[in-house]
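Reader: I should like to learn how an interface, a helix and a salt bridge are read from a set of coordinates. Please give the general idea of each before turning to the case at hand.

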Amino acid sequence: MREEKLNYEKINIIYSLLYFNLINQGEETIHLFAIIEIGGVPMLEKIVLEFAPEIAVIQAKTQKAMQSKAGHVATLLSLKEAPDDYLWLPSLSLVSAKTLKEPNTKVIYLAASMQVLYLATRIHWAIPEDKDCLKLKEQIQYPILLGDLLYSRFYAIICRYELDQYLAYLATLIGNIHQEHVLRNEKRKLNLSEEPHVLRIYSLLGETACYLAAHLSAGKTYLYETIKQMGNHLGMLRGVWEEGYDPYPYLTKWYRAWELLEVLPPGPGRECFQAILLGLGRKWGLERPPVCKDLRA
Amino acid sequence: MNHLFYEIEGELRQVEEYLLKYVQAGHADLRKSFVHLLRAGGKRIRPAFVLLAAKYGQYNSSKIIPLAAALELIHMATLVHDDVIDSSIIRRGRQTVKAKYGNNFSLHSGDFLFAKALTIIENYKSNHINQLLAHVSVEMCQGELEQIASAYKLEQNIRNYFYRIKRKTSLLISASCQIGAIAAQADPHIVKTLGRYGHYLGMAFQITDDVLDFIADEKTLGKPVGSDLRQGIITLPVIYLLNCGNEEMKKSLWEKLNSPASSQDDLHDVVELIKQSEAIPYSLDIAGRYVEKALKELEVLPANEITESLHKLAVFIKRRQF
């Protein structure tokens, strides 16, 4: 119920801002602000410092993906939370690549495409049911089309930057995400816990962002799998944090991620993974497991 | 219109079987909704164009059928989302997925269908096909955004209308014609010609569709007459009357259409006004001119049974009543 209410609020914000801009700027430059309330605690400061140029490219690409034809409906993403926070998914791609070698151009565009895909998913995720509410129809039209536009732009980025080799993998990811949404809605109707399906979506996203970036960086095969598992755990933990779930049942994932960290080669990539884990731990009042070394020492 | 596709009748049946088999994967409700969508029928013109266009190259039916099905999946995905956007309850005479399962489900099932289409297309390992379809997908969304941004706006001109219908319909039909030929490795010159043919025919198809929205009966349309108008979508017959009708007619139209809160009676009056005006023959004439352009493109294609089929299809679109 809490989430349902939140979703309505999000849609209302989208509508109010759209309405505001229609009045104030005329038809020539209409701006659609999609506000996605994801959270407020920055946990990726280290990554922002480490990858400033790469993140600038991803942000520019995301902004471009949100824009429609000039003179028609220009769309712009305005995100409430700190940029380092809303870019958690592409950050995972950058960190994964850096664990093996310097992120190349393809990794940056893969990370940008993951961000565009993530935003499309979040926007469609937030669309409420109407139940004969006519006004809602007007409120949901733009967000639905914005989500569709982002999925199309995601496809365009993949093709343009010759990442087609991952199209099947990414298309399967999209299919699985939406199947999980259907299952989640079904559980909700039955008053059962939807948590496993929500977290599955986060873990699938995290896993894919990490695995494909590692694959593009052509590291050793056993490391792909380690990084993939790391992404799975971090994605799930991110979901726990973002959705405000009780972390206790998922702490094993946090500890397991520390174990995986030990397998990764030392360097800035591994340090960034450690920073993410420490950030999450701080949020939940956890300390670094005593068996794990402090990589910054 | 099946008689027009006798060249590819068997393959179209296989496309249908492929779609039915393909959508069996996934959650039970998703499966049911896809079967519901498939059973609602449809003209299947996009897969038909893929199949016919492929016959200009090295035709291999087992290779081309999945691609034809993928194009229909993309089209189905857009229909499912359109019904949520328009709050449509009926399509093709049947309950829409939105009406049956709700907004959330429809959105996820549309996205799921799009993802399934991409999975099929990926098998062709063709950057050319991917680039083309990605471009078309982006433009289709731009067209939809433009359509809702211009809803209830009566100051539109024909250029705005053409911009919208090109993106709404013509680009995907044009892409269907091209990718069939690309996948069959047809001559690039043929690919381009088929692309233009598809574009002109798509424009004619949409204009005719918009005219039928006023003049066909509800049973034939499978949805209420004047549905576009009820959604605030200003189509060619309305644009014509607003620009070229007599002053009294223009004034009456402005008064009746200038608000989303127009009554059902007002809309009914507008539909009647348009039916009796010059707007219908004018719009059909424009559609006819696009068909002529499409037919002109066919002149440079090899004179064979396939070109003959494409010719018949164009003529059918000019005369269609459903």
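Author: The discussion below takes up the interface, then two helices, then the salt bridges.

Author: This is a predicted model, in which local features need pLDDT of at least 70 and side-chain atom pairs count only at pLDDT 80 or more, while totals for chains, interfaces and linings use all residues. Residues are numbered from 1 along each chain as its sequence is written, chains are lettered from A and ligands numbered from 1 in the order in which they are written, and side-chain values use heavy atoms, with hydrogens and water left out.

Reader: How many residues of chain B are in contact with chain A?

Author: Contact means heavy atoms within 4.5 Å. Here 43 residues of chain B are in contact with 41 residues of chain A. Buried area is the accessible area (1.4 Å probe) that two parts lose on being put together, summed over both; between chain B and chain A it is about 4100 Å², with carbon and sulfur atoms giving 61%.

Reader: Which helix of chain B gives the most to the side that touches chain A, and how many polar contacts cross the interface?

Author: A polar contact is a pair of N or O atoms within 3.5 Å; within protein, one must be able to donate a hydrogen and the other to accept it, and residues adjacent in sequence count only if both atoms are side-chain atoms. By this rule, 13 residue pairs are in polar contact across the interface of chain B and chain A, both residues being at pLDDT 80 or more. Helices are DSSP runs (H or I, at least four residues), numbered from the N terminus. α7(B) gives the most to the side of chain B that touches chain A, with 15 residues.

Reader: Is H27(B) buried or exposed?

Author: Buried means under 20% relative accessible area, exposed over 50%, and partly exposed in between (1.4 Å probe, protein chains only). H27(B) is buried, at a relative accessible area of 11%. The side chains of H27(B) and E186(A) are joined by a polar contact of 2.9 Å. A polar side-chain atom of H27(B) also lies 3.0 Å from the backbone nitrogen of D29(B).

Reader: What span should α12(A) have, and how many of its residues are buried?

Author: The expected span of a helix is 1.5 Å times one less than its number of residues. For the 16 residues of α12(A) (268-283) that is 22 Å, and the end C-alpha atoms are 23 Å apart, which agrees. Of these 16 residues, 12 are buried, so α12(A) is largely enclosed by the rest of the structure. After α12(A) comes G285(A), with a positive phi near 70°.

Reader: Against which helices do the buried residues of α16(B) pack?

Author: They pack against α3, α9 and α15 of chain B. Among the buried residues of α16(B) are I306(B), L310(B) and F316(B). At the start of α16(B), a side-chain oxygen of N304(B) comes within 3.1 Å of the backbone nitrogen of I306(B).

Reader: How many salt bridges are there over all chains?

Author: Side chains of opposite charge can pair when their charged atoms come close. A salt bridge is a side-chain nitrogen of Lys or Arg within 4 Å of a carboxyl oxygen of Asp or Glu. The whole structure holds 21 salt bridges over all chains, whereas the count between chain B and chain A is zero. In one of them, R122(A) pairs with E243(A), the closest N and O atoms being 3.7 Å apart. This pair links distant parts of the chain, 121 residues apart, with R122(A) in α6 and E243(A) in α10 of chain A. Both R122(A) and E243(A) are buried.

Reader: Where do R289(B) and D285(B) lie?

Author: Both lie in α15 of chain B, four residues apart, about one turn of the helix. Their salt bridge is 3.0 Å, N to O. R289(B) is exposed at 52% relative accessibility, while D285(B) is partly exposed at 38%.

Notes:
Helices (H or I, at least four residues) and strands (E, at least two) are DSSP runs, numbered from the N terminus.
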